[in-house]
Amino acid sequence: MSQQSLQTKLVSVVQHVDQHGSSVPPIYQSTTFKIGSLEDDASQPYDYTRSGNPTRTVVQHQIGKLYDVDAAQVLAVSSGMTALDVILRALVLTHKSRVPTIIAGDDLYGGTQRLLTHLESRNHARVLHVDTANYDAFVELFKQQEHVDCVLLESPTNPLLKVADLPRLTHFIKSSNDACLVAIDNTMMSGMLCNPLKFQCDVVYESATKYLNGHHDIMAGIVVTRTPKMAQEIYFMVNSTGSGLSPFDSWLLVRGLKTLGVRLYQQQHNAMVLSHWLENSCGFVDKKGVKGSPRTRFVGLKSHPQFELHKSFNSGPGAVLSFETGSYEHSRRLVSSRKIKIWAVTVSFGCVNSLISMPCKMSHAAIDPALRQERDFPEDLVRLCCGIENIADLQNDLLEAMIDADIIELRDEGKTIYNKLNGHIATNTVGQGKLPNIYEEFFSQDLVERGSILTSRAKL
Ligand SMILES: Cc1ncc(COP(=O)(O)O)c(C=O)c1O
Ligand SMILES: N[C@@H](CCSC[C@H](N)C(=O)O)C(=O)O
């Protein structure tokens, strides 16, 4: 029998026993569970929802499928930041004799940077930052330290889309010092596109608020560990502090996971079309006029300096891209344009709705402006998080807003786009990136002959 694919596994939820045989698992919206016998309370799986809840158990099983591990290695918690918090408190900030050292990237999500800066300022940890996309720089910094207790990696980074060679870095760290905890924030890829446990990292976490749920109606985090023992240590924190995911949010997450495959397929399709359009048609070329510089940053573009590296250990580019307009003022005008109707101006990503934002003012505002400048974080960066809408509608909406923001101008009855910031003229291809016609795709000789349409669709 062939192995079922992830899309199939996540649609079915068999891990619940219900007296009525309900097809969808019930929500156990109960704080307490009756004790069967005072003598035998150890065999009772649930007593109090802070400690455990059947609906949370179901979602933990589904996440186990996503990462190909036993549910005993999974914890569902109340947000992505909670996930990082419980990992650090259970596995890193526990040294009695010294302040632990953490090495992290230099393009971290703003909230992660804020937590690490706080820990450092209270002397709970020594935190060093390095460009984790630069393997040699990382190795040099690592070797200079007497002890490194934890390495926190994120790839591709949010929002600069820098790629860290996760398999190579993990191999180096674990072979240099097996006791050093390698933790990976996998939010930008989700378990559907990357499974870092396959290359021996210790713990993976995700903000399930993003792709896993996909509808922006819950906050959630997941933690997946290499061993059940690590999960038990983290569980101690979850139970002691009450950071487990609520029953209703667990239920919504189970539902969201069922459509993760199709959502990601469409979101990535939209991101591919848009990034190519931005780079090639809108003339987002570098200051010397050379096409292919990462002014449009997306790991699905061949011009991305780490395109091949990313492809080597991920099965898709995700749906987050960013670009620079060339000036803060133009980006501000673009994001505040009243012409934007479909793109919602909000933080976050991974949702079925497309989102546009300026990270320096929104998601990454928690990072000190001086630090952003030190790290070459462009203040004019615009981040796009593609949803599942029709791609031609998304392109048209963005085009209207770009014209309104005075970034580009349409000439020759809309046939060419003139980029007012760098003078590049390109052909307007808006509307040409529509989803392939399903009939044409299906009846194309090639696919019918090879019978491969299903396989090609299944590949994300
Ligand atoms: C890469 C990344 N990691 C972690 C988080 C934190 O997740 P949450 O908002 O669910 O706490 C976010 C966003 O908030 C993020 O973008
Ligand atoms: N005000 C929030 C900002 C959340 S940003 C959410 C998401 N990770 C993103 O990148 O958009 C905060 O202070 O954390």
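Into which domains is the protein divided? In this predicted model, the protein splits into domain 1, residues 6-258, and domain 2, residues 260-454.

**View 1. Domain 1 meets domain 2.** The centres of the two domains, taken over C-alpha atoms, are separated by 29 Å. Where the domains touch, 34 residues of domain 1 are in contact with 32 residues of domain 2. On the domain 1 side, the elements giving two or more residues are helix H1 (6-11), H4, H6, helix H7 (190-193) and helix H9 (247-258). H4 gives the most to this side, with four residues.

**View 2. An open sheet of seven strands.** Follow the strands across and you will read the order E1-E7-E6-E5-E4-E2-E3, with mixed pairing. Strand E1 (74-77) and E3 stand at the edges with a single partner strand each, so one side of each has no neighbour in the sheet. On average, neighbouring strands are turned by 20° against each other, direction ignored.

**View 3. Helices H4 and H6 on the sheet.** H4 packs on the sheet and touches E2, E3 and strand E5 (181-185). The direction of H4 makes about 140° with that of E3. Helix H6 (residues 166-176) also packs on the sheet, touching E4 and E5, and its direction makes about 160° with that of E5.

**View 4. Strand E2 and its partners.** Strand E2 (residues 101-105) pairs with E3 in the parallel sense over five bridges, and here Ile103 stands opposite Leu128 of E3. E2 also runs parallel to strand E4 (residues 150-154), joined by three bridges; Ala104 has Leu152 in E4 as its bridge partner. Together, E2, helix H4 (residues 110-121) and E3 form a right-handed β-α-β unit.

**View 5. The two faces of strand E3.** In a regular strand, side chains alternate between the two faces of the sheet. Strand E3 (residues 126-130) shows such an alternation: Val127 and His129 point to one face and are buried. Arg126, Leu128 and Val130 point to the other face and are not buried.

**View 6. Lys210 and its surroundings.** Here is a residue you may want to find: the unreviewed UniProt entry annotates Lys210 as "modified residue: N6-(pyridoxal phosphate)lysine". Lys210 is in the loop between strand E6 (203-207) and strand E7 (221-225). Is Lys210 buried or exposed? Lys210 counts as buried because it has 23 C-beta neighbours inside 10 Å, and the cut-off for a buried residue is 20 or more. Leaving aside neighbours within four places in sequence, Lys210 is in contact with Thr187, Ser348, Phe349 and Gly350.

Notes
Residues numbered from 1 in each chain as written. Chains lettered and ligands numbered in written order. Predicted model: local features only at pLDDT ≥ 70, side-chain atom pairs only at ≥ 80, totals over all residues. Buried ≥ 20, exposed ≤ 12 C-beta atoms within 10 Å, placed from the backbone. Pairing = 2+ DSSP bridges. Right-handed = clockwise from strand over helix to strand, strands pointing away. Axes fitted to C-alpha atoms, helices over the stretch in contact; angles between N-to-C directions. Contact = placed C-beta atoms within 7 Å. UniProt positions renumbered as here; feature names shortened; annotations may be inferred. Domains from an automatic or database assignment.
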